[in-house]
Amino acid sequence: MSGERPFTVALAGRPNVGKSALFNRLIRRRRSLVHDLPGMTRDVLEADAALPDGRRFRAVDTGGYDAEGAEPIPREVRRRALDALSGADLIVLVMDASAGVLPPDREAARAARATGVETIVAANKIDRRAGSEGESEAWELGFPEVFGVSAEHGTGVEELVEAIAARVPAGAGSLLAGSDAPRPPREIALAVVGRPNVGKSSLVNAVLGRERAIVSSVPGTTRDSVDTSFDHEGRTIRLVDTAGIRRKGRTERGPEVLSVVQARKRIAECDVALVVVDAAEGPSAQDATVASYVVEEGKGLVLVANKWDLAGRKGEAAAKELRTSLEERMPFAAWAPVLLTSAASGRGVSRVLPAVLRVAENRRRRLPTGELNRVLGRALRDKPPRSASGTRPKVFYVAQTGTAPPTFTLVASRAGALHFSEERRIENLLRATADFEGTPIRILVKERSRRERSR
Ligand code: GDP
């Protein structure tokens, strides 16, 4: 890297919010060096990381910056942490969304602000129950961008990396020759889940067989798992846990409970999930449970009704009936595309990957704030949404505060969960505005900050 100083991103925050887990996520790919500065128990850790397009940055884990000093942290360590913060080009302030904003978080925010370095917030542990609430609380820390992430599951990390990428100067220590080098395709992690025997493995084989692409085995993200990677239409598709899908071991053939556990793991690792159901038997309660995990995790969803060749009746009417029964079983996923396939005859298999690409794209869709407010603004002002507690908070504006899945924040006179039917109404407005087929949408309500109020 020609000795040039790399763009430096410092992770700050009180101890135990998950800085090191996030740090490990950031440097996971193409790690070049990690060095512990010697002699300290909790200390600044640095590593070089690469962005998806090859530009490099340096990630710095400032360790346990604890302004409260609840635990005795050697002064030297604290000084280094502060030095690392003020020497950074960007600070990512990490907080624990499941715990909400605590006084030491505000302290850490103050320390970050005092450096004058641009700061964005990572609200970690959003996979936990109270996570999404804490995520909206994180806005209180007063920084312009908040990213909900789960360092443990990898959720939202790509988004955060994009935010970092947007700040790293072009050509910064690029590994690629010249700035006109083509951007490597973004990877789409694809999970194939469903009950034993619905034809997951056959479907995977049918899809890969059609592709005639060069397929390679790559180590999976979870321990001992193996994924399969191949290129399709300029994108890399990584099939999560291919070995597990193909293995006819205890888990697949064993109790259904185990297949649900396995599905959960695959879903956590993916961008898009294919939930495969048996077209002849119709969707079961377990299929619905698995699909609901996909939605909860904010992943893209494609419903595949396989073994269509075995369905007793065929034709338009039967297909419609099947779609209706899917909708009845999974009313929460009415926006998911439904494909009818036969892995045995190959029917419908060619539609699988195009649907996956479409859904992956919709999941990263971003609506410009202007358009968003043009569409939603009037509807929400004319009829303020009812909250779950029955009040009608006034909505000042709407912002898309995240993608993957698209997340919208209503900035209102008071925070609080929306009434279920109101959430539906807003979601429908959003879906009528842009193509969000196959992706869940999250809607948060945030109270206007005091600063905004006084403007
Ligand atoms: P998995 O447990 O979900 O991976 O299911 P498999 O792919 O092992 O398939 C289970 C059985 O169903 C196998 O005997 C397959 O040959 C068969 N099968 C899979 N897909 C189809 C299909 O579309 N039509 C028919 N008729 N049989 C299928």
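**Group meeting: a predicted protein with its ligand**

So, the surface to start: this protein exposes about 21000 Å², and carbon and sulfur atoms supply 49% of that. Those accessible areas come from the Shrake-Rupley method with a 1.4 Å probe, and for residues only the protein chains shown count as cover. Now the small print. This is a predicted model, where local features need pLDDT of at least 70 and side-chain atom pairs count only at pLDDT 80 or more, while totals for chains, interfaces and linings use all residues. Residues are numbered from 1 along each chain as its sequence is written, and side-chain values use heavy atoms, with hydrogens and water left out.

Confidence next. pLDDT is the predictor's own confidence in each residue, on a scale from 0 to 100. The protein averages 82, and 85% of the residues score at least 70. Among the elements, strand β13 (residues 300-306) has the highest mean, 98, and strand β2 (residues 34-36) has the lowest, 37. Over residues 29-41 the pLDDT is below 50, yet this stretch has 27 contacts in the model beyond near neighbours in sequence. Residues 174-185 are also below 50, with 16 such contacts. Contact here means heavy atoms within 4.5 Å. Where pLDDT is low, the predicted coordinates should not be read in detail.

The overall fold: 15 helices and 17 strands. These are DSSP runs, numbered from the N terminus: H or I with at least four residues for helices, E with at least two for strands. Of the 455 residues, 53% count as buried. Buried is under 20% relative accessible area, exposed is over 50%, and partly exposed is in between, with a 1.4 Å probe and protein chains only. Take the contacts with a separation of 6 or more: 70% of them are between residues 24 or more positions apart.

On to the ligand. Which residues come nearest? Of the 19 around the ligand, those are N197, K200, S202, D309 and A343; "around" is a heavy atom within 4 Å. By class, the shell has 6 nonpolar, 6 polar and 7 charged residues. Nonpolar covers Ala, Val, Leu, Ile, Met, Phe, Trp, Tyr, Cys and Pro, charged covers Asp, Glu, Lys and Arg, and the others, Gly among them, are polar. Helices α6 (200-211) and α8 (250-253) each supply at least two shell residues, and α6 gives the most, with 3.

For the polar side, a nitrogen atom of the ligand is 2.8 Å from an N or O atom in the D309 side chain. A backbone N or O atom of V198 lies 3.3 Å from a ligand oxygen, and a polar backbone atom of A344 is 3.4 Å from a ligand oxygen. Taken alone the ligand exposes 580 Å², and the protein buries 76% of that.

D309 leads us to K314, in the loop between β13 and α11. K314 touches W308 and D309, leaving aside residues up to four places away in sequence. A polar atom of the K314 side chain lies 3.2 Å from the backbone oxygen of D309. K314 counts as partly exposed, at 43% relative accessibility.

Last stop: T409, in strand β16 (residues 407-412). Buried or exposed? T409 has a relative accessible area of 2%, so T409 is buried. T409 touches several residues, among them Y397, L444 and K446.

Note on methods: Polar contact = N/O pair within 3.5 Å; in protein donor to acceptor, adjacent residues only side chain to side chain.
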